[in-house]
Amino acid sequence: MIVLTLEERTLAANVRRLMAERDWSIRKLAEKCKMPHPTLQSLLEERSSPRVGTLCVLARVFELSEQTLLSKPDDVAQAPSRRQKRAS
């Protein structure tokens, strides 16, 4: 049995929520991330710990910082995207 940290469980919850907001399937996210569908499915079902590279790719795809993806959902909803930060 794998025991995930609070941050890893929060990451999975945030990614599921962000996918729902965009109406993306796991396959759509896998395509955008250029990674195998089973890798993301395992992460979203909280069956594995993400690698640092996976976290970085997810942050890039969702245009958020890695730290934001690991934050409570309330913090993610209020965080500006990377695109918004560059425009400032």
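So, contacts along the chain: in this predicted model, if you take contacts between residues at least 6 apart in sequence, 57% of them join residues at least 24 apart. Keep that in mind, and I'll show you some of the pairs as we go.

What is the chain built from? Seven helices and zero strands. Read along the sequence, the pattern is simply α-α-α-α-α-α-α. There are 88 residues in the protein chain, and buried ones make up 36% of them.

Okay, let's go inside. The largest nonpolar core has 20 residues. Those with the most contacts inside this core are Val15, Met19, Leu29, Cys33, Leu58, Phe62 and Leu69. Which elements give two or more residues to the core? That would be helix H1, residues 6-22, then H2, helix H3, residues 37-44, and H4. H4 gives the most, with six residues.

So let's stay with H4 for a moment. The buried residues in H4 are Thr54, Leu55, Val57, Leu58, Ala59, Val61 and Phe62. Right after H4 comes Glu63, with a positive phi near 55°.

Now look at how H4 meets H2. Helix H2 covers residues 26-33 and helix H4 covers residues 52-62, and the two pack at an angle of about 100°, with their axes 10 Å apart. Angles of 65 to 115 degrees count as roughly perpendicular, so H2 is roughly perpendicular to H4. On the H2 side, the contact is made by Leu29, Lys32 and Cys33. On the H4 side, you have Val57, Leu58, Arg60, Val61 and Phe62. Sort the residues of this contact by type and you get six nonpolar, no polar and two charged.

If you want one residue to click on here, try Cys33. Leaving aside neighbours within four places in sequence, Cys33 is in contact with Val57, Leu58, Arg60 and Val61. And Cys33 is on that list of residues with the most contacts inside the core.

Next, H1. There are 17 residues in H1, and at 1.5 Å a residue they should span 24 Å; the end C-alpha atoms are 24 Å apart, so that agrees. What is buried in H1? Glu8, Thr10, Leu11, Ala12, Asn14, Val15, Leu18 and Met19. Yes, Glu8 and Asn14 are on that list too.

Thr10 is a nice one to zoom in on. Thr10 lies in helix H1, and its relative accessible area is 13%. Buried means under 20%, so Thr10 counts as buried. Not counting residues up to four places away in sequence, Thr10 touches Leu69, Leu70, Ser71, Lys72 and Pro73.

Let's pick up Lys72 from that list. Where does Lys72 sit? In the loop between helix H5, residues 66-69, and helix H6, residues 73-78. Unlike the buried Thr10, Lys72 counts as exposed, at 55% relative accessibility. Again leaving aside neighbours within four places in sequence, Lys72 is in contact with Thr10 and Asn14. And here's one of those pairs I promised: Lys72 and Glu7 are 65 residues apart along the chain, with their C-alpha atoms separated by 8.5 Å.

Back on H1, there's Arg9. Buried, exposed or in between? Arg9 is partly exposed, with a relative accessible area of 38%. Setting aside neighbours within four places in sequence, Arg9 is in contact with Leu4 and Glu46. Arg9 and Leu44 are another pair to look at: 35 residues apart in sequence and 8.6 Å apart in space, C-alpha to C-alpha.

A quick stop in helix H3, where you'll find Ser42. At 13% relative accessibility, Ser42 counts as buried. Beyond neighbours within four places in sequence, Ser42 is in contact with Arg47 and Ser48.

Last thing, the backbone. Most residues other than glycine have a negative phi. Now look at Asp23, which follows H1 and sits in the loop between H1 and H2. Asp23 is not a glycine, yet its phi is positive, near 60°. Asp23 counts as exposed, at 70% relative accessibility. Then there's Lys34, in the loop between H2 and H3. Lys34 is not a glycine either, and its phi is positive, about 55°. Lys34 is exposed too, with a relative accessible area of 77%.

Okay, that's my tour.

Note on methods: Residues are numbered from 1 along each chain as its sequence is written. This is a predicted model: local features need pLDDT of at least 70, side-chain atom pairs count only at pLDDT 80 or more; totals for chains, interfaces and linings use all residues. Side-chain values use heavy atoms; hydrogens and water are left out. Axes are lines fitted to C-alpha atoms, for helices over the stretch in contact, and angles run from 0 to 180 degrees between N-to-C directions. Helices (H or I, at least four residues) and strands (E, at least two) are DSSP runs, numbered from the N terminus. Angles under 35 degrees count as roughly parallel, over 145 as roughly antiparallel, 65 to 115 as roughly perpendicular and the rest as oblique. Contact means heavy atoms within 4.5 Å. Ala, Val, Leu, Ile, Met, Phe, Trp, Tyr, Cys and Pro count as nonpolar, Asp, Glu, Lys and Arg as charged, and the others, Gly among them, as polar. A nonpolar core is a set of buried Ala, Val, Leu, Ile, Met, Phe, Trp, Tyr and Cys residues joined through side-chain atoms within 4.5 Å. Buried means under 20% relative accessible area, exposed over 50%, partly exposed in between (1.4 Å probe, protein chains only). The expected span of a helix is 1.5 Å times one less than its number of residues.
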